[in-house]
2 protein chains.
Amino acid sequence: MTKYSKQSRFLVAVDCIVFGFDGETLKLLLIKRSFNPEKDKWSLMGGFVQASESLDQAANRILKQLTGLEGVYLEQMYSFGETNRDPIERTISVSYFALVDIHKYEKQISTDFHAEWVPLKRIPKLIFDHQDMVELAKKSIRYKAALHPILFELLPSRFTLPQLQTLYESVFNTSIDKRNFSKRVLATGLLIKLNDKDKAGSKRGAYYYQLNMQKYYANFQAFINIIPNPDSLQN
Amino acid sequence: MTKYSKQSRFLVAVDCIVFGFDGETLKLLLIKRSFNPEKDKWSLMGGFVQASESLDQAANRILKQLTGLEGVYLEQMYSFGETNRDPIERTISVSYFALVDIHKYEKQISTDFHAEWVPLKRIPKLIFDHQDMVELAKKSIRYKAALHPILFELLPSRFTLPQLQTLYESVFNTSIDKRNFSKRVLATGLLIKLNDKDKAGSKRGAYYYQLNMQKYYANFQAFINIIPNPDSLQN
DNA sequence: TAACAATAGTGTATAAATCACACTAATATT
DNA sequence: AATATTAGTGTGATTTATACACTATTGTTA
């Protein structure tokens, strides 16, 4: 059968907004572009989709190539298709956001690749419409995290309640009463309390918890109420 | 400056999942394809993105061309990019869902175009991965409608509470106590009660309501609780 | 080695939201 | 005039959310 001969064909890119959390601050992984146009400007991780791969495969490949990251939480977000968003040639970009445990990758990223963790509050000017992508990604994770337990993807496999609370407070840019916070998270049944403590953050030490992976996967689609009235917290 | 010479370029399509509600049943607008491949098979509204238009513009154009629909609620949903999803040539499809007032368009659609409203429960086999798109669209509107007042887009500008309730009951495939339902919807402050009644649906007649457009637009992003525990209603 | 400083951990009473539930009202039809 | 059909309304019980403050632990320091 013949091809669709009269139609235009376009470059299709994938761009990844990669979030990390170092225990205090939410960060994005950015790279200095190594090729034209906009060489040496800050950019999201991106690359063109190849003929042989699906969009998801492209996103995973690009993330792996540019940062070494593999097997991380990656979710398609939105497709950007303004005709002039790339000045060289029309490119449609399918954006993904990723949530990674920053500690696993911190060293290898900055040495092997020209990628850097930048605090979300101090994102430099980015190329093309990457700024818009970042804004949308911030909204998207806040929205999703208000309903689903995705933020655990940003933490190491063992974490403390104070760490978890700090993470929620950063994402939602608010402060939460710790008694109510712990009641709510424990009520989800997602956490398993361990016997040892993290002594790094305080003299007394805080108990480690880990995810109950069974329940985590089973309840991922269910709505969960860690942040009440999240819409009143927009900013 | 030169183009990105070594990269592959792809066809990019837009496919629209168009929902309508006739007062009793949720329906999708489908068309019989008028061209190959898969001529005469059932399909979603789709078409290729042109060089001169953005994705949103393409979606609006295609909807207009194939159905005459214009100015309807249209929201980008997800991009489908499996390499072999179109057997003729690789095509990346950006899907949109639309919510329309079925009465406004019912006649003009079936006469001017080869489009047809089909009950959601009786969707025929569709071409390519359009079945997947429909499944995702059903999930998407249910998810969104659990949190935001989008379902009003499916109703005429004047509607009764019984109509609204039937709509929610169809979307969530459940039944709701009408006392609690009316309390909840009226508590949103989104509805204005009118002085006349719809006498078509019953002898007594039910009061018409209309949307308070101010509040509707202002509160669109806010979370709203018309359906409690929507996750317990999945199916 | 006792006092101090710093963070972790816990409970209760009040307010608000949600839920379950049944009767009367209006009117077209017979 | 009786009947059938759908619209409209209120309350009490339960659950959930909120506000709020003190004790526990332990490394550091005087």
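Which residues are the closest to DNA strand D? In this predicted model, they are Lys203(A), Arg204(A), Pro162(B), Arg179(B) and Ser202(B), picked from the 22 residues that surround DNA strand D. So let's begin with the DNA and work back into the protein.

**The DNA-facing surfaces**

Around DNA strand D, several elements chip in at least two residues each: H5 of chain A, plus helix H4 (161-172), H5 and strand S10 (206-211) of chain B. H5(B) is the top contributor here, giving four residues.

Now for DNA strand C. There are 22 residues around it, and Pro162(A), Arg179(A), Ser202(A), Lys203(B) and Pro228(B) are the closest. Two or more residues come from each of helix H4 (161-172), helix H5 (178-187) and strand S10 (206-211) in chain A, and from helix H5 (178-187) in chain B. The top contributor to this surface is H5(A), with four residues.

Here are the two surfaces and the side of chain A that touches chain B, split by residue class:

| Surface | Nonpolar | Polar | Charged |
|---|---|---|---|
| Near DNA strand C | five residues | nine residues | eight residues |
| Near DNA strand D | five residues | nine residues | eight residues |
| Side of chain A that touches chain B | 16 residues | eleven residues | seven residues |

How many of the ten residues of H5(A) are buried? The number is zero, so this helix lies largely in the open. Right after H5(A) comes Gly189(A), which has a positive phi of about 75°.

**How the two chains relate**

Put chain A on chain B and you get an RMSD of 0.0 Å, using a turn of 180° and a shift of 0.0 Å along the axis. That is what a two-fold axis does. Both copies use the same surface, too: 100% of the contact residues of chain A recur in chain B.

As for the contact itself, chain A puts in 34 residues and chain B puts in 34 residues. On the chain A side, strand S1 (11-21), strand S5 (73-80) and strand S6 (91-99) each bring at least two residues. S5(A) has the largest share of that side, three residues.

**Two domains in chain A**

Chain A splits into domain 1 (11-147) and domain 2 (157-233). Their centres, taken over C-alpha atoms, are 26 Å apart. Where the domains touch, ten residues of domain 1 of chain A are in contact with ten residues of domain 2 of chain A. On the domain 1 side, helix H3 (residues 130-147) of chain A gives the most, with five residues. That side of domain 1 is made up of six nonpolar, two polar and two charged residues.

**A small sheet**

Chain A also has an open sheet of three strands, in the order S8-S10-S9, and its pairing is antiparallel. Which strands stand at the edges? They are strand S8 (159-160) and strand S9 (191-198) of chain A; each has a single partner strand, so one side of each has no neighbour in the sheet. S8(A) and S10(A) run antiparallel and are joined by two bridges. Within that pair, Thr160(A) sits opposite Tyr208(A) of S10(A). Strand S10 (206-211) of chain A is also among the elements that give two or more residues to the surface near DNA strand C.

**A few residues worth a click**

Start with Phe128(A), in the loop between strand S7 (115-119) and H3 of chain A. Its phi is positive, about 50°, even though it is not a glycine. Is Phe128(A) buried or exposed? It counts as buried, because it has 23 C-beta neighbours inside 10 Å and the cut-off is 20 or more.

Over in chain B, Phe128(B) is in the loop between strand S7 (115-119) and helix H3 (130-147). Phe128(B) has a positive phi near 50° and is not glycine either. It too counts as buried, with 23 C-beta neighbours inside 10 Å.

Last up is Ala98(B), which belongs to strand S6 (residues 91-100) of chain B. It is buried, with 22 other C-beta atoms within 10 Å. Setting aside neighbours within four places in sequence, its contacts are Cys16(B), Val18(B), Phe19(B), Leu63(B), Val72(B), Tyr73(B) and Leu74(B). Gln214(B) is 116 residues away from Ala98(B) along the chain, and 22 Å separate their C-alpha atoms.

Key
Residues are numbered from 1 along each chain as its sequence is written. Chains are lettered from A and ligands numbered from 1 in the order in which they are written. This is a predicted model: local features need pLDDT of at least 70, side-chain atom pairs count only at pLDDT 80 or more; totals for chains, interfaces and linings use all residues. A residue is near a molecule or strand if its C-beta atom, placed from the backbone, lies within 6 Å of it. Ala, Val, Leu, Ile, Met, Phe, Trp, Tyr, Cys and Pro count as nonpolar, Asp, Glu, Lys and Arg as charged, and the others, Gly among them, as polar. Copies are superposed by least squares on the C-alpha atoms of residues with pLDDT of at least 70 in both. Two residues are in contact if their C-beta atoms, placed from the backbone, lie within 7 Å. Two strands pair if DSSP finds at least two bridges between them. Domain bounds come from an automatic or database domain assignment. A residue is buried if 20 or more other C-beta atoms lie within 10 Å of its own, exposed if 12 or fewer, and partly exposed in between; C-beta atoms are placed from the backbone.
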